[in-house]
Amino acid sequence: FFFWLIFQLCLEFLSDPQQRAADVLLQHVHRGAGAVTNTFTLVLTVASQETDGFRRFLRSAKHFNYTIKVLGGGETWEGGDYISPPGGGQKVRLLKSALEDIQEENKVILFVDSYDVIFSSGPKELLKKFQQAKHRVVFSAETLIWPDRHLEDKHPHVREGKRFLGAGGFIGYAPNLKKMVSDWSGADSDSDQLYFTKIYINPEKRVSVRNVNANHFLILQINYLGNYIPNLWTFETGCTICNENLRPLSGLQSEYPVVVIGIFIQQPTPFVTVFFERLLNLKYPKNRIQLFIYNQESHHEPHVRTFLEYHESEYQGVKLIGPEEDIDPVTSRNIGFEMCRDNIDCEYFFSIDVDVVLKNEDTLRILIELNKPFIAPMMTKPGRLWTNFWGALSADGYYARSEDYVDIVQGHRVGLWNVPYVSHIFLIKADALRTDLKDPDLFESATLDPDMAFCSKVRNKGVFMFVTNMHTYGRVLSTENYQTNHLHNDLWQMFENPVEWEERYIHENYSKVLKDAFIETPCPDVYWFPVFTDVACKHLIEEMEHFGQWSGGGNVDNRIQGGYENVPTIDIHMNQIGYEKEWHKFLLDYVAPVTEQMYPGYYTRAQFDLAFVVRYKPDEQPALRPHHDASTFTINIALNQVGIDYQGGGCRFLRYNCSIKAPRRGWALMHPGRLTHYHEGLPTVEGVRYIVVSFVDP
């Protein structure tokens, strides 16, 4: 007869009901007569292919010294997909055949699935639990009845624990197991779960039922446990398997594996030009890379076109799908996968969304060398706990935070992590795309978003999704509030993506200004320091010329309070292009710290009435007469290069008879505005000179 037995200490079964795993702590037992005196000897399992789950199973079995016999190796699996009934009958056939060769009366056999099982203790403890039951066969249990719900009323009721039999694992004596499967004559595609359930609910074989309380045990997901058990990661050792089964590329004599890189532009995204620059910098032979570029946004067509114009010939091949082709994002990803599947030389598909900032130039090499069917580099967002993976799923399949998530994100736990969801960037082996992940509807679902549908189907196919945080790889941009109504829209990203903005627009030596006093004093109380990159200078000039509404250079100026300018220039104000908030943040973050260091005792809130780009041309306005500025201090940044873009120019401080005639592009002159620093703009005699000026604390 049947009752409930705990042996969760010895095995952890995956709790996902779709995979019919028995995650429960209380197990069904089929009792026969006779005392238990044998020693546990054999584990039988069925595996028709070597998956990550199977390797994990064998690794844990080896660690605890289990004897394993694998059934079905080399056979084509005809037992269903474990998602839709029926299925699993092939396992019963293989078990029945294997048991025919076992003659020992007291031999104990454990029959378990291998793709979703790990051992967490040894044979001795498992046998002890089995002996304590004093019964001949023990089955795992689960919460849901499957595959025939109509049999629910025929199951005995229990006071606590799980009610229904699960075929994912059972243990018993060889003769009893032989008897249990002796009547099997079904097809490989028939249901093993239904077969064993009908034996269990047969009243002639069930005498009584009782239940053992085990609510104090925690029910854990096996994929989560598999990151740690047995001793795969500990605080003392770190990751113990991260350097196993690698595929080294360094010193490779033959050619590198061919990779199709899929680039997906599905929405207006900042810093797309930078994305392509980073793509070019990947340390991987371009003649072994094929590019698949999907661009849904007309705004980004110039960025893609410019990249291909200069670099398409460097790659093995390029396929571009533009907005004019009107292909939806889901179809585009399937087309990208097919590009790899159909190319016999393709070994990997590297999927990257365009909002990924791929800082690590070795990322592709690192992922390939880790040699996983599916692997993603961990990506973050600065100052947040957001990443491109989920550590767990909620009951309805959405985000849940795992116990180890924060430690992984913050780098307190470093290794390879089997997770239920990844997005934005991942590497898949082409072999997986041609076998387990060959279905054309991987991204389709009636209820889930495409990314969640994809991860769900990858999980259901038994393909492990690993994320690695063993290196720093990069981050993911925020695309919120990204406007496309300017020429260089990235200039406006100071608030949404401040790290990327700084890398793009702030001079590489700016950090030395405060740390190493990387600052010059060309004239008394005039300080000269680097602040803008060449790109920042170029973008500001082009943005102003694109806007085009230059002032006339007269004294009447309705843009300013009072409508009259004493010392007019031909200029465009920052507020005319909607850049005043960004400019104020620039002054606070990058100018105020220098001001407070160079003018001790003065603290600024970086208030300004006027900030503008000035244009000097010989035939328009070549110079500016001597004057004081209406400011406590002034910032004057050169936007182009003397000797290349123009001749002449510069600034002269009359009181000190001190001139700066060769201003450096991207460098700021900072000087007092009133009383002491009466100054003039020297004549530009050739070309066009641009400067950006800000009167601070008027």
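Begin by selecting cysteine 523, which is buried, with a relative accessible area of 3%. The model on the screen is predicted.

**First stop: the disulfide of cysteine 523**

Add cysteine 658 to the selection; the two residues form a disulfide, with sulfur atoms 1.9 Å apart. The torsion about the S-S bond is -80°, and the link is left-handed. Cysteine 523 belongs to strand β26 (residues 520-523) and cysteine 658 to strand β34 (residues 658-660), so the disulfide ties together parts that are 135 residues apart in sequence. Cysteine 658 also counts as buried, at 13% relative accessibility.

**Second stop: the other cysteines**

The whole structure holds 3 disulfides. Select cysteine 239 and cysteine 242, which are joined with an S to S distance of 2.0 Å. The torsion about this S-S bond is about 100°, so the disulfide is right-handed. Cysteine 239 is partly exposed, with a relative accessible area of 23%, whereas cysteine 242 is buried, at 4%.

Next, select cysteine 340 and cysteine 346, whose sulfur atoms are 2.1 Å apart in a disulfide. This link is left-handed, with -85° about the S-S bond, and both cysteines are buried.

Now display cysteine 455. Its sulfur is 18 Å from the closest cysteine sulfur, in cysteine 340, which is too far for a bond. Cysteine 455 counts as buried, at 0% relative accessibility. Cysteine 537 is likewise in no disulfide, and the nearest cysteine sulfur, that of cysteine 651, is 17 Å away.

**Third stop: helix α14**

Select residues 498-505, which make up helix α14; the buried residues here are Glu500, Trp501, Arg504 and Tyr505. These residues cover an arc of only 110° around the axis, which puts them on the same side of α14. They pack against α7 (272-280), β16 (356-358), β25 (474-476), α16 (534-547) and α17 (580-598).

Keep Trp501 and Tyr505 in view and add Tyr510, Phe532, Trp583, Phe586 and Tyr590: these residues form one aromatic cluster.

**Fourth stop: aromatic rings**

The structure contains 45 aromatic pairs. For one of them, select tyrosine 256 and tyrosine 284: the ring centres are 5.2 Å apart and the planes are at 85°, so the pair is edge-to-face. Tyrosine 256 is in the loop between β11 (238-239) and β12 (258-265), and tyrosine 284 is in the loop between α7 and β13 (289-295), so the pair ties together parts that are 28 residues apart in sequence.

Finally, select lysine 372, which lies over the face of phenylalanine 466, at 4.9 Å from the ring centre. Lysine 381 lies over the face of tryptophan 386, at 4.6 Å from the ring centre.

How values were computed: Residues are numbered from 1 along each chain as its sequence is written. This is a predicted model: local features need pLDDT of at least 70, side-chain atom pairs count only at pLDDT 80 or more; totals for chains, interfaces and linings use all residues. Side-chain values use heavy atoms; hydrogens and water are left out. Buried means under 20% relative accessible area, exposed over 50%, partly exposed in between (1.4 Å probe, protein chains only). Helices (H or I, at least four residues) and strands (E, at least two) are DSSP runs, numbered from the N terminus. The arc is that of the directions from the helix axis to the C-beta atoms. Contact means heavy atoms within 4.5 Å. Rings of Phe, Tyr and Trp (its six-membered ring) pair if their centres lie within 6.5 Å; planes under 30 degrees apart count as stacked, over 60 as edge-to-face and the rest as tilted. A charge sits over a ring if NZ of Lys or CZ of Arg is within 6 Å of the ring centre and within 35 degrees of the ring normal. A disulfide is a pair of cysteine sulfur atoms within 2.5 Å.
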